[in-house]
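This report asks how selected helices, residues and chain contacts are arranged in one molecular model. Please keep the structure at hand while reading.

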Amino acid sequence: MDELDLRIMKELLKDAQTPFLRIAKKLGVSPETVRIRYGKMKDDGTIKHCSISIDLSKIGYQGKVFLMITNSPNHDKSKTIDALKKMRSIFIISEMIGDFEIIAIAPVKDLDSLKKLVNKIKKLPSVNRVEFTLINDTAFPVNLRFGELFL
Amino acid sequence: MDSEVELDEIDAKILGALIKDVRTKLKEIAKECGLTSNAVFKRIRHLKSIGVIVGTTLYPDAKQFGYTNVATVGINIDYGQENEIIKLFLEHAKSNLIELSSCIGKYDLCAFMLTKSLQELDSITQSVRKHPGVKRMVVNIWVSEPYFLLENLDLQPAGV
């Protein structure tokens, strides 16, 4: 990432829908340059995700759940992760070190749907233990202030 | 709870496309939904006005900004001390916090942070831990690149 990439990125961190033409004018380059740089950053993973932000409370969710999963000994962790990836609603998964091995984040509609999700995970043979904590924040995918960390 | 909106299938398709890539062209979404670009534009405008769409999120490769660690911090707090602890976090980790929310369950407060080194993570957690209202603090460090499966979000949880 060079200086120009960084400046383009910073404009997009403020609003990822900023027209390339506007960014180009501001930075004194051609819109085509901005487009190419953006494409390159997406391709090489410098930009990992570019999504709309949604308030989950408006579409029927009450919050989010952090699922903290401990793998069974002698079972491959990647098996658990593959199974989690296929579960509709889980939108972030990561491996961890600490109290548990995998974290998964999903929106919560109601207690019934939460129970179903937790049970589904518990049923996986590669899963030893599932703990969770509910948060009432309904920002998707993350808090809107997130981009400010990089400005 | 906030006033809820029932999204129809077309709204869900539009949101789905924008979750996948916020820069998807109107023309492409329109084609997908069998609508005109103008109709899609109006729907997006409506979704914004009712507060479903609240902005955009670009997730960069944090490493290129010097953030080498992602950590989740779970905290158990003495009753009534939450605001104090939140204040402490904001003071010491303003440029690190992805999310900080109160919770129900295993923890009372959960923080999601990016840090530039383990030392920085340690210094933040130590500063917060000092507060007498903190009963227990658990730090978990993410070791892999997180998988983002944003398309997994069910946009019509109530079912249509």
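The sections below treat a helix in each chain, two individual residues and the contact between the chains.

## Basis of the report

The structure is a predicted model. Every value given here is computed from that model.

## Helix α3 of chain A

Helix α3 of chain A runs over residues 31-43 and has 13 residues. From its first C-alpha to its last it reaches 18 Å, close to the 18 Å expected at 1.5 Å a residue. Four of its residues, A:Val34, A:Arg37, A:Tyr38 and A:Met41, are buried. These residues cover an arc of only 100° around the axis, which puts them on the same side of α3(A).

The other side of α3(A) carries the exposed residues A:Glu32, A:Ile36, A:Gly39 and A:Asp43. The buried residues of α3(A), by contrast, pack against three elements of chain A: α1 (3-14), α2 (20-27) and β1 (47-55). Just after the helix, A:Gly45 adopts a positive phi of about 85°.

## Two buried residues of chain A

A:Val34 belongs to helix α3 of chain A. This residue counts as buried because 25 C-beta neighbours lie inside 10 Å, and the threshold for burial is 20 or more. When neighbours within four places in sequence are left aside, A:Val34 is in contact with A:Ile8, A:Phe20, A:Ile23, A:Ala24 and A:Val29. A:Glu148 is 114 residues from A:Val34 in sequence, and their C-alpha atoms are 21 Å apart in space.

A:Ala106 is located in strand β4 of chain A. It is buried, with 28 other C-beta atoms within 10 Å. Apart from neighbours within four places in sequence, its contacts are A:Lys64, A:Val65, A:Leu67, A:Ser89, A:Ile90, A:Phe91 and A:Leu117. A separation of 14 Å lies between the C-alpha atoms of A:Ala106 and A:Asp55, which are 51 residues apart along the chain.

## Helix α3 of chain B

The 13 residues of α3(B) should span 18 Å at 1.5 Å a residue, and its end C-alpha atoms are indeed 18 Å apart. Its buried residues are B:Val40, B:Arg43 and B:Leu47. Seen down the axis, they fall within an arc of 60°, so they line one face of the helix. The cover over these buried residues includes α1, α2 (26-33) and β1 (53-60) of chain B. On the other side of α3(B), B:Asn38, B:Lys42, B:Arg45 and B:Ser49 are exposed. B:Gly51, just after the helix, has a positive phi of about 85°.

How do α1 (residues 9-20) and α3 (residues 37-49) of chain B pack? Their axes are 11 Å apart and form an angle of about 85°. The two helices are therefore roughly perpendicular to each other, since angles from 65 to 115 degrees count as such. In this contact, B:Ile10, B:Asp11 and B:Ile14 of α1(B) meet B:Val40, B:Arg43, B:Ile44 and B:Leu47 of α3(B). The contact residues comprise 5 nonpolar, no polar and 2 charged.

## Contact between the chains

In the contact between the chains, 58 residues of chain A meet 57 residues of chain B. On the side of chain A that touches chain B, at least two residues each come from α1, β1, β3 (92-97), β4 (102-108) and β5 (127-135). The most is given by β1(A), with 9 residues. By residue type, this side of chain A divides into 31 nonpolar, 16 polar and 11 charged.

Definitions and conventions
Residues are numbered from 1 along each chain as its sequence is written. Chains are lettered from A and ligands numbered from 1 in the order in which they are written. This is a predicted model: local features need pLDDT of at least 70, side-chain atom pairs count only at pLDDT 80 or more; totals for chains, interfaces and linings use all residues. Axes are lines fitted to C-alpha atoms, for helices over the stretch in contact, and angles run from 0 to 180 degrees between N-to-C directions. Angles under 35 degrees count as roughly parallel, over 145 as roughly antiparallel, 65 to 115 as roughly perpendicular and the rest as oblique. Two residues are in contact if their C-beta atoms, placed from the backbone, lie within 7 Å. Ala, Val, Leu, Ile, Met, Phe, Trp, Tyr, Cys and Pro count as nonpolar, Asp, Glu, Lys and Arg as charged, and the others, Gly among them, as polar. The expected span of a helix is 1.5 Å times one less than its number of residues. A residue is buried if 20 or more other C-beta atoms lie within 10 Å of its own, exposed if 12 or fewer, and partly exposed in between; C-beta atoms are placed from the backbone. The arc is that of the directions from the helix axis to the C-beta atoms.
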